Amino acid sequence: PNQGGTTGVKRMTHYRQDALRCLVVLADGACKASDVAKRAGVARAAALMRDDHYGWFERLSRGVYGATPQGRLAMTEHGAEIARLGLEGGA
């Protein structure tokens, strides 16, 4: 969904879309990474949440992740993309 000439604008990459898919799953509460991967359809969910490049995920215990306040804000900011991906009702 990137357009040319988007200098200075955060691009909607496949990685960011996968992170949003994981966030939608975590909107219902903390969850095991393996469950997030299954429900979100993101095979790399555990690594994505562990690496946490956007500051959207927090490790609560071994293999269990939740959304940070920044992650919940991202869901609002990227609501249009979440809807476009068909995720508004959960993954």
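## Where T68 sits

Let's start with T68, which falls in the loop that runs from β3 (64–67) to α4 (69–77). Keep in mind that this is a predicted model.

T68 has a relative accessible area of 12%, so it counts as buried, the cut-off being under 20%. Skip the neighbours within four places in sequence, and T68 is still in contact with G55, W56, F57 and E58. Two of those names lead straight on to the sheet: F57 and E58 are contacts of T68, and β2 covers 57–61.

## The sheet

Now for the strands. There are three of them in an open sheet, ordered β1-β3-β2, and they pair in the antiparallel sense. β1 (31–32) and β2 (57–61) take the edges with a single partner strand each, so each has one side with no neighbour in the sheet. As a general reminder, strands of a sheet pair through backbone hydrogen bonds.

## The β2–β3 hairpin

Zooming in on β2 and β3, this antiparallel pair is joined by four bridges. R59 has Y65 of β3 as its bridge partner, while S61 is set opposite V64 in β3.

What about the turn? The hairpin of β2 and β3 has two residues between the strands, and G63 there takes a positive phi near 80°. Follow the chain on through β3 (64–67) and you are back at T68, in the loop before α4 (69–77).

Technical notes:
Residues numbered from 1 in each chain as written. Predicted model: local features only at pLDDT ≥ 70, side-chain atom pairs only at ≥ 80, totals over all residues. Heavy atoms only, no water. Buried < 20%, exposed > 50% of the residue type's maximum accessible area, 1.4 Å probe, protein only. Contact = heavy atoms within 4.5 Å. Pairing = 2+ DSSP bridges.
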